[in-house]
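User: Please take a close look at one part of this model for me: the charged side chains and how they are placed. Follow them into whatever they sit against, and keep it as one connected story.

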Amino acid sequence: MRRALGWIAAAVAVLLLLVLGFVMWTQTVFQGEREAALEAWRDPAIEITSTPDSVVMQPVDGGSGTGLVFIPGAKVDPYAYLRVLSGVVDAGATVVITKPTLNLAFFDFRSLDAFTAAAPDVDEWWVGGHSLGGVRACMLAGDPESDASGLVLFGSYCANDLADSGLEVLSISGSNDGLTTPDDVTGNAHLLPDDAVFVELEGANHADFGDYGVQPGDGESTMPRDESLEAITAALEAALLGA
């Protein structure tokens with residue numbers, strides 16, 4: 001009996017160590033680049049508010065009534081997307097960047113309205129995300145209780161079938177993305193509506209959709225940063241604001 005109890009205690013100890021190790025691993029994130037984030041913070045046309053659940057970016061004047069709930073990639077600092085998404089906020093959209101549970105979208109089971117509540121004045125909501133965050137965004141968009149009208153994918157693709165969802169969809173990818181390759185995007189395009197808009201950024205890689213440095217396994221970016229930011233903003237404005 002004593003020996004059995006010893007084995008059980010050892011097994012529990014190993015399990016606890018594994019859980020602790022996993023939790024510690026999730027807390028090692030790709031940190032957002034300070035100077036890039038500060039560009040958004042210093043923009044007088046944008047009001048940025050940090051909450052326990054999200055980072056809310058709102059236009060100071062002339063909001064369009066359209067918003068985007070955006071889910072970060074796996075273990076990527078939410079603040080790494082401030083500059084990338086600031087352009088569409090300048091144009092009038094509200095953006096809510098989520099703070100995923102354990103920094104991994106798959107462990108975040110909150111519904112879309114848990115984040116849209118941060119901007120109650122917005123009338124129409126899109127949901128989107130980068131990489132693994134995009135996969136989670138597809139799941140939220142396909143939820144029958146979700147009131148999302150559109151989906152935005154940054155270097156990502158859906159694992160669930162949204163072909164008959166009636167959603168407006170924008171997929172932006174990079175030709176040099178080594179983690180979500182062009183073949184990944186085209187190979188899963190059938191899961192999206194026929195009128196989904198696909199934009200491929202020539203020379204862009206996976207990390208070009210945020211400001212967090214180099215990501216292992218990614219391809220090399222050959223697209224100038226100002227050009228990728230401009231292209232992402234233009235695609236978002238066209239989809240969300242009809243610009």
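Analyst: Let's start with D53, which counts as partly exposed at 35% relative accessibility. Bear in mind that this is a predicted model. The side chain of D53 meets that of R110 in a salt bridge, with N to O at 2.9 Å. R110 sits in the loop between strand 4 (94–98) and helix 4 (113–116), while D53 is in the loop between strand 1 (46–50) and strand 2 (54–59), so this pair ties together parts that are 57 residues apart in sequence. R110 is also partly exposed, its relative accessible area being 24%. That's one bridge out of six that turn up in a search of the whole structure.

R110 leads straight to another arginine. Sequence neighbours within four places aside, R136 touches R110, along with I71, A105, F106, D108 and F109. R136 belongs to helix 5 (residues 132–141). What is the nearest side chain of opposite charge to R136, and how far away is it? That would be D108, at 5.7 Å, and R136 has no salt bridge even though it is buried. To be a salt bridge here, the nitrogen and the carboxyl oxygen would have to be within 4 Å. D108 still offers R136 something, though: its backbone oxygen lies 3.0 Å from a polar atom of the R136 side chain.

Now for the charged network. Salt bridges link E39, R83, D208, D211 and R225. Take R225 and D211 to begin with: their closest N and O atoms are 3.0 Å apart. This pair links distant parts of the chain, with D211 in the loop between strand 8 and helix 7, R225 in helix 7, and their positions 14 residues apart. R225 bridges D208 as well, with the closest N and O atoms 3.9 Å apart. D208 lies in the loop between strand 8 and helix 7 and R225 in helix 7, so that bridge ties together parts that are 17 residues apart in sequence. As for burial, D211 is buried at a relative accessible area of 3%, and D208 is buried at 9%. R225, on the other hand, counts as partly exposed at 23% relative accessibility.

R83 takes us from the network into helix 3, as it is one of the buried residues there, together with L82, V84, L85, S86, G87, V88 and V89. Eight of the nine residues of helix 3 (residues 82–90) are buried, so the rest of the structure largely encloses this helix. After helix 3 comes G92, with a positive phi near 125°.

Helix 3 also brings us to the nonpolar side of things. L85 is among the residues with the most contacts inside the largest nonpolar core, which has 35 residues; M57, V95, F154 and L236 are the others named for that. V95 is in contact with L85, V88 and V89, and also with V55, V56, M57, L68 and F70, not counting neighbours within four places in sequence. Apart from this core lies another one, of 24 residues, including V69, V122, A148 and A196.

Back to the loop that carries the two aspartates, where an aromatic contact is worth a look too. There are four aromatic pairs in the whole structure. One of them is F30 with Y212: the ring centres are 5.7 Å apart and the planes are at 55°, so the pair is tilted. F30 comes from the loop between helix 1 (2–26) and helix 2 (34–41), Y212 from the loop between strand 8 (197–201) and helix 7 (225–241), and 182 residues separate them along the chain. Y212 is buried at 5% relative accessibility, whereas F30 is partly exposed at 22%.

G213 is in the loop between strand 8 and helix 7 as well, and counts as partly exposed at 30% relative accessibility. Its contacts beyond four places in sequence are E33 and A207. The C-alpha atoms of G213 and E33 are separated by 7.4 Å, though the two residues are 180 apart along the chain.

Notes. Residues are numbered from 1 along each chain as its sequence is written. This is a predicted model: local features need pLDDT of at least 70, side-chain atom pairs count only at pLDDT 80 or more; totals for chains, interfaces and linings use all residues. Side-chain values use heavy atoms; hydrogens and water are left out. A nonpolar core is a set of buried Ala, Val, Leu, Ile, Met, Phe, Trp, Tyr and Cys residues joined through side-chain atoms within 4.5 Å. Buried means under 20% relative accessible area, exposed over 50%, partly exposed in between (1.4 Å probe, protein chains only). Contact means heavy atoms within 4.5 Å. Helices (H or I, at least four residues) and strands (E, at least two) are DSSP runs, numbered from the N terminus. Lys and Arg count as positive and Asp and Glu as negative; His and the chain ends are not counted. A polar contact is a pair of N or O atoms within 3.5 Å; within protein, one must be able to donate a hydrogen and the other to accept it, and residues adjacent in sequence count only if both atoms are side-chain atoms. Rings of Phe, Tyr and Trp (its six-membered ring) pair if their centres lie within 6.5 Å; planes under 30 degrees apart count as stacked, over 60 as edge-to-face and the rest as tilted.
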